[in-house]
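Dear colleague,

I am handing over the structure that you asked to look at, and I have placed it directly below. Please open it first and keep it in view while you read the notes.

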Amino acid sequence: MTYDLLTKDMIKNYLKIAWRNIINNRAYTAINVLGLAAGMAVALMIALWVANEYSYDKFLPDADRVYQVRRNFNSNGETLTFSSTSLRLSDVLHTIPEVESVASTDWTGSHGLMVGDKRLSINGIQAGSDFLKIFSYTMLQGSRSSALSDAYSIVLTKATAVALFGTENNVINKVVRIDNTYNLKVTGVMQDIPSNSSLQFKYVIPFSLLEQTQPYMKGAHASFGNNGFQLFVKLKQGVSYDRLAAKIKNMEKGENNINAKNSEVIMQPMLDWHLYSDYKNGIASAGFIDYVNIFSVIGVLVLLIACVNFINLTTARSEKRAREVGIRKAIGSQRKHLIFQFLTESALITFISFLCSLLFVEIALGPFNALTGTTIAIPFNNIAFWLIAIGCVLLTALIAGSRPAFYLSSFNPVKVLKGTIQVGRSASYSRKILVVMQFSCSIALIISTVVIYRQIQYAKNRPNGYDINRLMASNTNGDLGKHFNAFKNELIQSGVVQNVSSASSAITDIDTHNDIDQWPGKFPGETVEMGVISIANDYFKTAGMKMLAGRDFNNVASDSLNIILNEAAVKRLRLKGDPISQVITYGSSQCKIIGVVKNALMLSPFAQADPTMFLYNNDPHGNMIYRLSPKVNPHDAIEKIGQVFSKYSPAYPYTYRFVDDDYNRKFGQEVLVGKLSGIFAGLAIFISCLGLFGLAAYIAEQRTKEIGVRKVLGATVTQLWFLLSKDFVLLVVVSCLIASPIAFYFLQGWLQKYDYRVTVGPGVFIISAIVAIVITLATISFQAIKAAIANPVRSLRSE
């Protein structure tokens, strides 16, 4: 490129011409700018969201040296990965030279914190003394090296300190009472945990308090088989996990324990926790990263769809610019000058579109953050953001403007000025290909949205094995536990509830999985790990779970050695004949099966029911469930339950959950993906239709005289509408035929991760095709009918 192309006057002239063309073609400029702005806004929104997902845990110093310890458990040839580990493994890891710090943790759930008359029920963590050395959260007060050294201490987040004391300042050595049982001294205040942290908690108490005060912790360090804790490690500077992997892999296998012999120890880096949470054959190969990748592709596709609009509209209107090109070439302009001019025009439109897209994103971020549960903002003060944005704007301008620039600059000036070249039709074939590409992408997104919605509804309508209607749940506590029977009886006598019970796990979860040591028909060396839940009286009755065989627990001491299995557990153990009265070995106890209960979906509603064993223990457990009476207003019931709760547990605030809300939260990820897919599919269709609207207007303009002649010869409005619409509808039909098999291929792969999944039948593709055709007809009909009803005298007057 010669130097004169880049002179100040030349560039100024190109900008002036570009601006004049923009002003003189306001309608088409508006379509181009709106389409590009919408595409760029979608791409920017997705880019900000993707950047947020990749930012998880990176705010912590030395994040690349932090790992969570996991176990790969060989369950009869199938590798299952668990995050629950043993305290003995923690002790052994302390002796590894490559390891700098180890912290045992127990996620305690919700506990009551009390200072004076201020009461909170919030989630915290019990962690080893090295926890704050591994996770270098910002300490506002106190020392991270000693904050957890005393068993009766507590570290608060800033928000928790303010809630309890009214300020985060000068709270060191003040006392917080937990569960109305222990007085803990505040030894530190940390900055609130950011939203892009994989670990979320409101306070930290020393793991040593758990070891000193809980009887079940006695002997917890003795065996690798006691897996109920989470371990985190920090490697020494310069040590890679590959160097350590072989050393820790088989460290449990020396123990005479079936679970330990079948387990391999692995570690997952902290920077992978958020995106790679799904393990397959012992390897973290999937997780939320799948959706991040999908929406990254969608962002690029939507932007390309917007670029296609620009290309099509510019080349379609090439006849308007043909004489300009011919004259410029005739007076000496070189092709490279024309290319640069058209690229300048493209860059100017793209820059205007980018400014509009920033406005669109700023407006949309509030609802988007509410939908995704994020706190994303445009980083206006970040230089890197602007450099990347400018680069993307220039790349978009090049993609959108290169085809028109090279096409328009290629015109032969002699033929153009003689009028012997039909420039408008020479690019029609390529325009049709681009329109088909546009709508193929848009229709594929529509199909995906329909399938995701059907999959969610399919799982929601699946029988879940218990009745979630009018079923409520609360966390119990020490005070309530002492008076649980009186609390239960008073609630039932009040008439606001029908039944009350408790269990060691929430009804929508299974907190504990343990080994079954012996059972009838066990193969040599075989291991089975299943869910274990301790329940109190009336649990199945309160939950609405159906007994299929045998009996329920009868509130007698002898039932402590009896168990009830669900259908999945009976199947997993391959119990032959009637399972009732058969005996299995659990721990050191011989347990008799007295009943079989119908499967209940306590974990994923998309998967098979988890094999589960129910034990009887009428002592109050941490998770209470109660069923409201049919005719009682829920608001009145909650008020009454709160009064009774405060009577027996005045040191704790009454908190509650509706079980149907807990169950519906299990669909959260799929619902989010479905909503985002629907939004982006709608925007993709909108952008595609903008281009279609512009093309329809141009073609109607080009065929004005033809339409006038046809009307004079007797053509009806319907016939003319069909004439102008059929080509576009045909392109959309071709797009449907292309999009359907592509969407089917990828959706089948997505559905494979669900055990319980919908079948993708032809109806999905037919519905999506009909929607696309109806939208297409609605888009082009305005221009088609407008042209069809125009007075033919005006169009033929010049003839």
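What follows is a short account of two helix pairs, one bent helix and a few single residues.

Please bear in mind throughout that this is a predicted model.

Let me begin with helix packing. Two packed helices are described by the angle between their axes and the distance between the axes. In the first pair, helix α1, which covers residues 8-24, and helix α11, which covers residues 335-372, have axes that come within 9 Å and cross at roughly 60 degrees. Because of that angle, α1 counts as oblique to α11, and the crossing of the two is right-handed. On the α1 side the contact is made by Ile11, Tyr14, Leu15, Ile17, Ala18, Trp19, Asn21 and Ile22, while α11 contributes His337, Phe340, Gln341, Thr344, Glu345, Leu348, Ile349 and Ile352. If you sort the residues of this contact by character, you will find 11 nonpolar, four polar and one charged. When you look at such lists, it helps to remember that an α-helix has 3.6 residues a turn, so residues three or four places apart point the same way.

Helix α11 deserves a second look further along its length. There is a kink of about 45 degrees at Leu365, shortly before the proline Pro367. Ala364 also belongs to α11, and with a relative accessibility of 27% this residue counts as partly exposed. Ala364 and Met45 are separated by 319 residues in sequence, yet their C-alpha atoms are 8.7 Å apart in space. Just after α11 comes Gly373, whose phi is positive, at about 70 degrees.

The second pair consists of helix α23, residues 704-712, and helix α24, residues 717-751, which pack at an angle of about 150 degrees with their axes 10 Å apart. These two helices are therefore roughly antiparallel to each other, and the crossing of α23 and α24 is right-handed. Here Glu706, Ile707, Arg710 and Lys711 in α23 meet Leu720, Leu723 and Leu724 in α24. The residues of the contact of α23 with α24 divide into four nonpolar, no polar and three charged.

Next, some residues in loops. Where is Gly142 found? This glycine sits in the loop between β5 (139-141) and β6 (153-157), and its relative accessibility of 46% makes Gly142 partly exposed. Leaving aside neighbours within four places in sequence, Gly142 is in contact with Ile172, Thr187 and Gly188. Gly142 and Ile533, by comparison, are 391 residues apart in sequence and 40 Å apart in space, taken from C-alpha to C-alpha.

Finally, there are two backbone angles that I would ask you to inspect. Most residues other than glycine have a negative phi, and most peptide bonds are trans. Asn173, however, is a residue other than glycine with a positive phi, near 75 degrees, and its place is in the loop between α5 (158-165) and β7 (175-178). Asp538 likewise has a positive phi without being glycine, in this case near 65 degrees. Asp538 lies in the loop between β17 (528-535) and α18 (539-543), and at 31% relative accessibility it counts as partly exposed.

With kind regards

Terms used
Residues numbered from 1 in each chain as written. Predicted model: local features only at pLDDT ≥ 70, side-chain atom pairs only at ≥ 80, totals over all residues. Heavy atoms only, no water. Axes fitted to C-alpha atoms, helices over the stretch in contact; angles between N-to-C directions. Helix = DSSP H or I, 4+ residues; strand = E, 2+ residues; numbered from the N terminus. Parallel < 35°, antiparallel > 145°, perpendicular 65-115°, else oblique. Left-handed = near helix turned anticlockwise from the far one by under 90°. Contact = heavy atoms within 4.5 Å. Nonpolar A, V, L, I, M, F, W, Y, C, P; charged D, E, K, R; others polar. Bend = angle between axes of the 7 residues up to and from the residue. Buried < 20%, exposed > 50% of the residue type's maximum accessible area, 1.4 Å probe, protein only.
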